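Subject: Structure for your review

Dear colleague,

Please find below the structure that I am handing over to you. My notes on what was found in it follow directly after.

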Amino acid sequence: MTDSVYNFCAGPSALPQAVMQKAQAEFLDWQGLGVSVMEMSHRSDEYQALAKNAEANFRQLLSINDDYAVLFLHGGATLQFSNIPMSLLSQSSYKNQAAQAEYICNGMWSSKAANEAARFGNVHTIDVVETDSRGIRSLKTIETWQRASDPAYIHYTPNETIEGIRFTRPIKSPHTIVADMSSCILSEPIAINDYDFIYAGAQKNIGSAGLTMAVIKRELFAKMNFQSSPKTFNYQEQDKQGSMVNTPPTFAWYLASLVFEWVIEQGGVIEMEKRALEKSQLLYQCIDEDDFYTNPIAIKDRSRMNIPFIMQDESLNETFLSQAKDNNLVGLGGHRSVGGMRASLYNSMSVAGVKALADFMRDFKQRYG
Ligand SMILES: *Cc1c(COP(=O)(O)O)cnc(C)c1O
């Protein structure tokens, strides 16, 4: 992303410019070693220091204590869709053969996670989205959900990236809680005790594709079964070996380390949350002014990270997107499954970028409304 372009892509998404500049400056010669960080052994003292420092900063950002392992893994969030049920649900792994996992579905990613889990064990899915007569979607109140009894774990997606719908509060339970935070991690403080397992692909709010973060309560290892898992999928082994059972995605890990430092410099996740509120309010305000643009999510459940919107006249979509691009506003196409437009406002998006988008949207409305 250059100075003059605002990139609203949902993922892989824009990285903070300061991070990109630092990476560029160090690209050929990292720490005066004469080689790039991607050209050196992950077992070298220098890389080990980077890895440890990144983990420490990530722990600091989300107040993660040593009861939890922090892993830097390959395979994307999608591999976790498989590896979690393989470890926690497959019949060999859970004493109770009739064990079920509860999957709370509020959008496309949680449904994909549920479908994948069903390949490995019994899955109880709960569709928690309802649509009113005007087509506005909202989350059903938790009291109306048909819950699983004694689930091996409960899986949910705090922020659904494609639909732009979010849980404002964590789902709490005495059962094991697993959360896919791919598109909201580091955007707000969390209480780590509300979770037993958090995972996130890095390419939305952490860094570049190729790295996946997993935060796992170490107690949970005792309930996991890795007998038939590939060794690299063994969370406990990864914890023992500092996420280096094999060569980790070293460059993506390095980029993540720069992003963690950047977030800390900016004021941490409290500041990120403040900005996310400001940015999302600016854009929702612009969308809600009249009927030219619509966001189809009930106000109480709207995402602060991903904001889809449609125009009454869908034939204007292409014109909108191409004129936006001419105005240096890129990455605004909606997900291929839903169409329309979507603006993703991850940590690296500035308030100025959102203002520029809102200005353009109002100008476009003047001309075509
Ligand atoms: C992007 C995304 C995924 C998929 O991530 P991959 O790294 O491509 O597997 C999963 N869940 C959520 C919530 C996402 O936003």
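I begin with a single pairing: within E7, Tyr103 has His155 as its bridge partner. Please bear in mind that this is a predicted model.

**The seven-stranded sheet**

Tyr103 and His155 are bridge partners where strand E3 (residues 100-105) meets strand E7 (residues 153-156); these two strands run parallel and are joined by three bridges. Glu102 takes part in the pairing as well, standing opposite Ile154 in E7. On to the next strand: E7 and E10 are also parallel and are joined by three bridges, with His155 opposite Val178 in E10. His155 thus has Tyr103 as its bridge partner and also stands opposite Val178.

The side chains of E7 alternate in direction: Tyr153 and His155 point one way, Ile154 and Tyr156 point the other way, and all are buried.

These strands belong to an open sheet of seven, ordered E2-E12-E11-E10-E7-E3-E4, in which the pairing is mixed. Its edges are strand E2 (68-73) and strand E4 (122-127), each of which pairs on one side only. On average, neighbouring strands in this sheet are turned by 15° against each other, direction ignored.

**Helix H3 on this sheet**

Which strands does H3 lie across? They are E2, E3, E7, strand E10 (177-180), strand E11 (197-201) and strand E12 (212-217), and the helix runs at about 155° to E11. H3 is mostly covered, with 10 of its 13 residues buried. Ala77, Gln80, Phe81, Ser82, Asn83, Ile84, Pro85, Met86, Ser87 and Leu88 are the buried ones. The length of H3 can be checked: at 1.5 Å a residue, its 13 residues should span 18 Å, and this agrees with the 18 Å between its end C-alpha atoms.

Asn83 is one residue of this helix, which covers residues 76-88. Is Asn83 buried or exposed? Its relative accessibility is 2%, so Asn83 counts as buried, the cut-off being under 20%. Leaving aside residues up to four places away in sequence, Asn83 touches Phe233 and Tyr235.

**The ligand surroundings**

The ligand is surrounded by Gly76, Ala77, Thr78, Phe81, Trp109, Thr157, Thr161, Asp180, Ser182, Ser183, Gln203 and Lys204. Among these residues, Ala77 and Phe81 are also buried residues of H3. Several polar distances may be of interest to you:

- Ala77: a backbone N or O atom lies 3.1 Å from an oxygen atom of the ligand.
- Asp180: a polar side-chain atom lies 2.6 Å from a nitrogen atom of the ligand.
- Gln203: an N or O atom in the side chain is 2.8 Å from an oxygen atom of the ligand.

**The three-stranded sheet**

There is also an open sheet of three strands, in the order E13-E14-E16, with antiparallel pairing. Strand E13 (293-294) and strand E16 (341-344) form its edges, each pairing on one side only. Helix H7 (residues 268-288) packs on the sheet and touches E13, E14 and E16, its direction making about 15° with that of E14. Between E13 and strand E14 (residues 306-311), which run antiparallel, there are two bridges. In this pairing, Thr294 has Ile310 of E14 as its bridge partner.

The loop between E13 and E14 holds Ser303. Why does Ser303 count as buried? The reason is its relative accessibility of 0%, as buried means under 20%. The side chain of Ser303 makes a polar contact of 2.6 Å with the side chain of Asn159. Not counting residues up to four places away in sequence, Ser303 touches Asn159, Gly164, Ile165, Arg166, Ser280 and Tyr284.

**A residue in helix H1**

Lastly, Ala18 is placed in helix H1 (residues 17-25). Ala18 has 43% relative accessibility and therefore counts as partly exposed. How far apart are Ala18 and Tyr47 in sequence and in space? They are separated by 29 residues in sequence and by 21 Å in space, C-alpha to C-alpha.

With kind regards

Note on methods
Residues numbered from 1 in each chain as written. Predicted model: local features only at pLDDT ≥ 70, side-chain atom pairs only at ≥ 80, totals over all residues. Heavy atoms only, no water. Pairing = 2+ DSSP bridges. Helix = DSSP H or I, 4+ residues; strand = E, 2+ residues; numbered from the N terminus. Contact = heavy atoms within 4.5 Å. Axes fitted to C-alpha atoms, helices over the stretch in contact; angles between N-to-C directions. Buried < 20%, exposed > 50% of the residue type's maximum accessible area, 1.4 Å probe, protein only. Expected span 1.5 Å × (residues − 1). Near = heavy atom within 4 Å. Polar contact = N/O pair within 3.5 Å; in protein donor to acceptor, adjacent residues only side chain to side chain.
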